[in-house]
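This briefing concerns a structure for use at the bench. It is arranged by topic, and each group of points may be read alongside the coordinates.

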Amino acid sequence: ALARDNTQLLVSRLWELPAERAGGAGGPLVAQLPEPTFRLPREKPPPKPRPPTRWEQFARLKGIRRKKKTSLVWDEQAKEWRRRWGYRRAGGDPSRAWLAEVPAGADPEEDQFARLRREKRERVARNELNRLRNLARAHRAGRAVPAAPLHPTGHQDRDELRRVARVARVSTASLGRFQPRLPKESAEPPSRNGGKKRRFEPLLGNLAAERSRQLELLRDMGSKKPVLDITRAVNKQLRQEEAEAAANKGKKQSKRGKRGRQQQRPGRSGKKSGARRQPQQRKAAGGGTGG
Amino acid sequence: MRPLTEAETRAVFEKLAKYIGENIQLLVDRPDGTYCFRLHRDRVYYLSEKLLKLAASVPRESLVAPGTCFGKFTKSQKFRLSITALDFLAPYAKYKVWVKPGSEQSFLYGNHVLKSGLGRITENTAQYQGVVVYSMADVPLGFGVAAKSTQECRKVDPLAIVVFHQADVGEYVRKEDTLT
């Protein structure tokens, strides 16, 4: 019965395929089979899940779920959003805490700063110990010890799942380069260094593209040149001062000379208004007359 | 050796534009071949595509200089033009200064150009404009920065500096070890 059902399914799918008549109108009906996909089987068996840690067992018992924490916290003192931990965290730099209160029942002679440091060291050491213990437990049970749980359980949040999906995509022989993407995943693969190192253009990349980019850069730089040519304005001012100085000298010599020079003046200042009307002209033909 | 980044290209072109203006595109886009800029150990080199392909096969520690060195980036990422770029800047220079034979020697020793040594200067040179310095026989001697505009040059006294020295061909002898 199973064989009959399977054959029935196969034949119905065959009839669903696009078909055409081979060899003209009277020939037999031929179905166009889809492209063959080559599915390689796994080389090694899939890894078994690791045993849950002591905390995970406890959390499952109590029904505690992971609460999503915001990465930024409002720092009341600094009146801005600061990180929860790390560089410039909210609550100030713990290494520069200048006050450590003596708690109620403590020895007044005890060094509070030393106590805080010692307790931090103890906490870090205990965390490390527990981590190693969990790892040893997983190793003893003969299970794989992956960095993140690779099987979707109901207790993972979105970031974990995203990380797991990325690991799964990259775990192919060509390191995920030819994997089809999920519908809502980003199209561009993330950088291989995680955005850490600077990456430069290849040495012998597309030289024509490089040239066109440089020409475009030159064009952008050229278009931003200021329209007012300061030196030209300064030169015109200097010329006018020279003319006035010459005119004053002429006044001492003779009246006729002064009148002659005064008549020349409107022609000279006409150049200045001409320059204002056409501010684009930078290279002056007027330079020739400056001498 | 690597290509220049956007910011580095901009710095280099801005410096070159001070001396040759919009003629940079004649350096970038040449009819007789593809030439490009590459950075090797903080120095900017100008080389043809053919030379680039040859230089690419030389290991980085052994490579001394691919192409012509235009200048270098200082530790604070400022671009300094060097004398080895003169052969490429001189034909396209926009503002030129001719120096009298008497003070040619002084300029070649690294001194500034005084008004008394000034032969000719292009019209419309702005103050602090990049200029290429020539001898009276039209031989390029180096480059500098105009200390005074052309108008001011006429009025100033003979011992005033008119061109600040930036680089001269005498450096080929004086600074032999630092040039590439």
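Apart from its neighbours within four places in sequence, Gln25(B) is in contact with Leu215(A) and Leu218(A). The model in which these contacts occur is predicted. The points below begin with Gln25(B) and its setting, and then turn to confidence, the two sheets of chain B and the aromatic residues.

**Gln25(B) and its surroundings**

- Gln25(B) is part of helix H2 of chain B, which covers residues 24–28.
- The relative accessibility of Gln25(B) is 41%, and this residue therefore counts as partly exposed.
- Between the C-alpha atoms of Gln25(B) and Phe13(B) the separation is 9.8 Å, the two residues being twelve apart along the chain.

**Confidence in chain A**

- Chain A has a mean pLDDT of 78, with 76% of its residues at 70 or more.
- Within chain A, helix H1 (residues 2–16) has the highest confidence, at a mean of 93, whereas helix H7 (residues 255–277) has the lowest, at 47.
- Over residues 263–291 of chain A, pLDDT stays under 50, and the model has 25 contacts beyond four places in sequence for this stretch.
- Where pLDDT is low, predicted coordinates should not be read in detail.

**The six-stranded sheet of chain B**

- An open sheet of six strands in chain B follows the order E7-E11-E10-E9-E6-E8, with mixed pairing.
- Strands E7 (113–114) and E8 (118–121) of chain B are at the edges and have a single partner strand each, so one side of each lacks a neighbour in the sheet.
- Strand E9 (residues 130–135) of chain B is largely enclosed by the rest of the structure, because six of its six residues are buried.
- Gly130(B), Val132(B) and Tyr134(B) point one way from E9(B), while Val131(B), Val133(B) and Ser135(B) point the other way; all are buried.
- E9(B) pairs in the parallel sense with strand E6 (residues 96–99) of chain B over four bridges, and Val133(B) in E9(B) stands opposite Val97(B).
- With strand E10 (residues 140–146) of chain B, E9(B) runs antiparallel and is joined by five bridges.
- Across from E9(B), Phe143(B) in E10(B) is the bridge partner of Val132(B), and Val145(B) in E10(B) stands opposite Gly130(B).
- The hairpin formed by E9(B) and E10(B) has four residues between the strands, and Asp138(B) in the turn has a positive phi of about 60°.
- Helix H5 (residues 101–108) of chain B lies across E6, E7, E9, E10 and strand E11 (161–168) of chain B, and runs at about 80° to E10(B).

**The five-stranded sheet of chain B**

- Five strands of chain B form an open sheet with antiparallel pairing, in the order E1-E2-E3-E4-E5.
- The edges are occupied by strand E1 (2–3) and strand E5 (79–81) of chain B, each with a single partner strand, so one side of each is left without a neighbour in the sheet.
- Three bridges link E4(B) and E5(B) in the antiparallel sense, and Arg80(B) in E5(B) is the bridge partner of Lys72(B).
- Helix H1 (residues 6–20) of chain B lies across E1, strand E2 (35–40), strand E3 (43–48), E4 and E5 of chain B, and its direction is at about 35° to E5(B).

**Aromatic residues and charges over rings**

- Over all chains, a search of the whole structure finds twelve aromatic pairs.
- In the pair Phe70(B) and Phe88(B), the ring centres are 5.5 Å apart and the planes are at 45°, so the pair is tilted.
- Phe70(B) lies in strand E4 (residues 68–73) and Phe88(B) in helix H4 (residues 86–89) of chain B, so their pair ties together parts that are 18 residues apart in sequence.
- Both Phe70(B) and Phe88(B) are buried.
- A tilted aromatic pair is also formed by Phe73(B) and Phe79(B), at 5.3 Å centre to centre and 55° between the planes; both residues are buried.
- One aromatic cluster is made up of Phe13(B), Tyr35(B), Phe37(B), Tyr46(B), Phe70(B) and Phe88(B).
- Arg30(B) lies over the face of Tyr35(B), at 3.9 Å from the ring centre.
- Arg2(B) lies over the face of Phe200(A), at 3.9 Å from the ring centre.

Terms used. Residues are numbered from 1 along each chain as its sequence is written. Chains are lettered from A and ligands numbered from 1 in the order in which they are written. This is a predicted model: local features need pLDDT of at least 70, side-chain atom pairs count only at pLDDT 80 or more; totals for chains, interfaces and linings use all residues. Side-chain values use heavy atoms; hydrogens and water are left out. pLDDT is the predictor's confidence in each residue, from 0 to 100. Contact means heavy atoms within 4.5 Å. Buried means under 20% relative accessible area, exposed over 50%, partly exposed in between (1.4 Å probe, protein chains only). Two strands pair if DSSP finds at least two bridges between them. Rings of Phe, Tyr and Trp (its six-membered ring) pair if their centres lie within 6.5 Å; planes under 30 degrees apart count as stacked, over 60 as edge-to-face and the rest as tilted. A charge sits over a ring if NZ of Lys or CZ of Arg is within 6 Å of the ring centre and within 35 degrees of the ring normal. Axes are lines fitted to C-alpha atoms, for helices over the stretch in contact, and angles run from 0 to 180 degrees between N-to-C directions.
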